[in-house]
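Please find below some notes on the ligand site and on one loop residue. They are meant to be read beside the structure.

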Amino acid sequence: MERTLAIIKPDAVAAGYIGEIIRRIEEEGLRLVGMKLIHLQIREAEGFYYIHRDQPFFKELVDYMTSGPSVLIVLEGVDVINRWRKMIGPTDPQKAPRGTIRRDMGVSIGRNAVHGSDSAESASYEINYLFKGTDLLS
Ligand code: DAT
Ligand code: MG
């Protein structure tokens with residue numbers, strides 16, 4: 001059993017995709033163990049994306065992630081990290097296969113609708129960064 005962090009990013013929330021994305025999560029049979037709607041602050045977004053701090057797109061990324069509310073979700077299941085990454089597709093929506101969330105709901109590489117942790121190590125960092133243990137189901 002694994003856990004991963006999913007985020008419905010501000011563009012997808014603004015476009016009214018919360019329901020459709022959660023529907024796909026339920027259809028896939030992934031278990032929701034934590035969920036909250038929050039407007040990330042600049043410092044929080046910078047810390048969350050710390051590994052990208054030297055990338056040329058870092059400021060654009062932080063501006064985007066703080067542009068409106070996001071839905072933060074912790075998912076649990078067997079192989080959930082890979083399964084969720086497969087459901088969302090690659091970073092660039094234009095390169096994502098049909099039926100993936102980024103292809104169907106993303107706008108561009110910078111506005112790609114959703115986040116998914118890419119490894120057990122990053123999942124653990126990201127979940128602990130954004131949730132208190134008591135916010136999660138056991
Ligand atoms: P992913 O979200 O698929 O794990 P990543 O970790 O490489 O992708 O990058 C984190 C986010 O940064 C990504 O979801 C969108 C943004 N980003 C990545 N590459 C970018 C680029 N070349 N231009 C603009 N934004 C980019
Ligand atoms: Mg990543």
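The points below take up the ligand first and the loop residue after that.

1. Basis. This is a predicted model, in which local features need pLDDT of at least 70, side-chain atom pairs count only at pLDDT 80 or more, and totals for chains, interfaces and linings use all residues. Residues are numbered from 1 along each chain as its sequence is written, and side-chain values use heavy atoms, with hydrogens and water left out.

2. Surroundings of ligand 1. The residues around ligand 1 (a heavy atom within 4 Å of it) include Lys9, Tyr49, His52, Phe57 and Glu60. By class, this shell has four nonpolar, four polar and four charged residues; Gly counts as polar and Tyr as nonpolar.

3. Polar contacts (N or O atom pairs within 3.5 Å). Polar side-chain atoms of three residues each lie close to an oxygen atom of ligand 1: Thr91 at 2.6 Å, Asn112 at 2.9 Å and Arg102 at 3.0 Å. Taken alone, ligand 1 exposes 510 Å² (Shrake-Rupley method, 1.4 Å probe), and the protein buries 78% of that.

4. Leu40. This residue lies in the loop between β2 (31-38) and α3 (42-48); helices are DSSP runs of H or I with at least four residues, and strands are runs of E with at least two. Why does Leu40 count as buried? Its relative accessibility is 2%, and buried means under 20% relative accessible area with a 1.4 Å probe and protein chains only.

5. Separation. Leu40 and Asn82 are 42 residues apart along the chain, and their C-alpha atoms are separated by 25 Å.

Notes. Chains are lettered from A and ligands numbered from 1 in the order in which they are written. A polar contact is a pair of N or O atoms within 3.5 Å; within protein, one must be able to donate a hydrogen and the other to accept it, and residues adjacent in sequence count only if both atoms are side-chain atoms. Buried means under 20% relative accessible area, exposed over 50%, partly exposed in between (1.4 Å probe, protein chains only).
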